[in-house]
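The exercises below are to be worked with the sequence and the coordinates side by side. Each consists of a task and a solution that proceeds in steps.

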Amino acid sequence: MQPRHASRSETVLQQLMLPEHTNPFGNVHGAWIMKLVDEAAGVAAMRHSSCRVVTKSIDQMTFDHPVHVGDLVHVRARLTWTGRTSIEVGVTVAAEKVRTGILTHTNTARLIFVALDSTGNPTAVPPLAIETPEDRASWDAAEARRAQRMSST
Ligand SMILES: CC(C)(COP(=O)(O)OP(=O)(O)OC[C@H]1O[C@@H](n2cnc3c(N)ncnc32)[C@H](O)[C@@H]1OP(=O)(O)O)[C@@H](O)C(=O)NCCC(=O)NCCS
């Protein structure tokens with residue numbers, strides 16, 4: 001299979017946070033942010049693999065700053081690693097105050113998806129082509145996490 005660059009599948013979702021997304025104090029529920037993160041990462045994994053994918057693991061999800069009602073949330077998902085059938089996607093979230101354009105980083109996440117064939121079994125994905133030194137660093141960090149995961153199972 002031909003390697004594919006992360007820029008080919010990079011996915012950005014934007015959504016305005018409304019009262020239905022918040023708790024009584026006007027903060028957006030963490031579960032709502034997690035849903036957007038899973039959606040953006042899943043689209044990136046599907047774009048890369050050209051397959052249906054399922055979430056296998058959410059390895060990390062940080063909540064660094066609150067998101068408020070009225071914020072425009074930007075969710076950016078980019079592949080960091082590919083195995084034979086699995087794909088790691090890194091996601092960053094930022095909240096924009098629309099009137100000023102000020103962006104605040106709010107969340108970071110890492111998710112692993114498995115690509116499935118038409119019978120629902122794991123299927124091979126195209127390798128990730130490394131484009132930049134940052135991509136190389138992300139790949140190496142993902143390899144180290146995988147080695148640690150394998151040694152602890
Ligand atoms: C995804 C699923 C089909 C994988 O089945 P499985 O028996 O674990 O399949 P395999 O053992 O062949 O592993 C598939 C890949 O997942 C990886 N994997 C397995 N367990 C993992 C874990 N805990 N963390 C990260 N990767 C893992 C394997 O290393 C393999 O990757 P590779 O081919 O790149 O080496 C199965 O677990 C499943 O259906 N899970 C439910 C998914 C779901 O409902 N998600 C929520 C809705 S989308």
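A nonpolar core, as the term is used here, is a set of buried Ala, Val, Leu, Ile, Met, Phe, Trp, Tyr and Cys residues joined through C-beta atoms within 7 Å. The model to which the term is applied is a predicted one.

**Exercise 1. The core**

Task: Identify the residues that touch the most other members of the largest nonpolar core, and establish which element gives the most to this core.

Solution. Step one is to take the 32 residues of the largest nonpolar core, among which Val37, Ala41, Val89 and Val91 touch the most other members. Step two is to assign the core to elements: helix 2 (30-49), strand 4 (72-82), strand 5 (86-97) and strand 6 each supply at least two of its residues, and helix 2 gives the most, with seven. Step three is to follow one member, Val91, which, when residues up to four places away in sequence are not counted, touches Val37, Ala40, Ala41, Val75, Arg76, Ala77, Ala109 and Leu111. As background, nonpolar side chains in soluble globular proteins tend to be buried together.

**Exercise 2. Helix 2 and the residue after it**

Task: Compare the span of helix 2 with the expected one, list its buried residues, and describe the backbone of the residue that follows it.

Solution. Step one concerns length: at 1.5 Å a residue, the 20 residues of helix 2 should span 28 Å, and because its end C-alpha atoms are 28 Å apart, the model agrees with the expectation. Step two concerns burial, for which the list of helix 2 reads Ile33, Leu36, Val37, Asp38, Ala40, Ala41, Gly42, Ala44, Ala45, His48 and Ser49. In reading such a list one may recall that an α-helix has 3.6 residues a turn, so residues three or four places apart point the same way. Step three moves on to Ser50, which lies in the loop between helix 2 and strand 3 and has a positive phi of about 60° although it is not a glycine. Most residues other than glycine have a negative phi. Ser50 counts as exposed because 11 other C-beta atoms lie within 10 Å, where 12 or fewer is the limit for that class.

**Exercise 3. Two positions in strand 6**

Task: For Ala115 and Asn107, decide whether each is buried or exposed, and list what each touches beyond its sequence neighbours.

Solution. Step one is to place both residues, Ala115 in strand 6 and Asn107 also in strand 6. Step two is to count: Ala115 is buried because it has 24 C-beta neighbours inside 10 Å, and Asn107 is buried because it has 22 other C-beta atoms within 10 Å, the threshold being 20 or more. Step three gives the contacts, leaving aside neighbours within four places in sequence: Ala115 is in contact with Ser49, Cys51, Val53, Thr85, Ile87, Pro122, Thr123 and Val125, whereas Asn107 touches Ile33, Val37, Met61, Thr62, Phe63, Asp64 and Val93. Step four adds C-alpha distances, with Asn107 and Phe63, 44 residues apart along the chain, separated by 4.9 Å, and Ala115 and Ser50, 65 residues apart along the chain, separated by 8.8 Å.

**Exercise 4. The ligand shell**

Task: State which residues surround the ligand, which element gives the most to the shell, and how the shell divides by residue class.

Solution. Step one is the list itself, which consists of Val54, Thr55, Lys56, Ser57, Gly83, Arg84, Thr85, Ser86, Ile112, Val114, Pro122 and Arg149. Step two is the assignment to elements, in which strand 3 (52-63) and strand 6 (102-116) are those that give two or more residues, strand 3 giving the most, with four. Step three is the division of the shell into four nonpolar, five polar and three charged residues.

**Exercise 5. The protein as a whole**

Task: Describe the order of the secondary structure, and check the radius of gyration against that of a compact globule.

Solution. Step one is the inventory of three helices and seven strands, which along the sequence follow the pattern β-α-β-α-β-β-β-β-β-α. Step two is the check of size: a compact globule of 153 residues would have a radius of gyration near 15 Å, and because the protein has 16 Å, the two agree. Step three turns to contacts between residues at least 6 apart in sequence, of which 74% join residues at least 24 apart. Step four records that buried residues make up 32% of the 153 residues.

How values were computed
Residues numbered from 1 in each chain as written. Predicted model: local features only at pLDDT ≥ 70, side-chain atom pairs only at ≥ 80, totals over all residues. Near = placed C-beta within 6 Å. Nonpolar A, V, L, I, M, F, W, Y, C, P; charged D, E, K, R; others polar. Contact = placed C-beta atoms within 7 Å. Expected span 1.5 Å × (residues − 1). Rg over C-alpha atoms; globule rule 2.2 N^0.38 Å.
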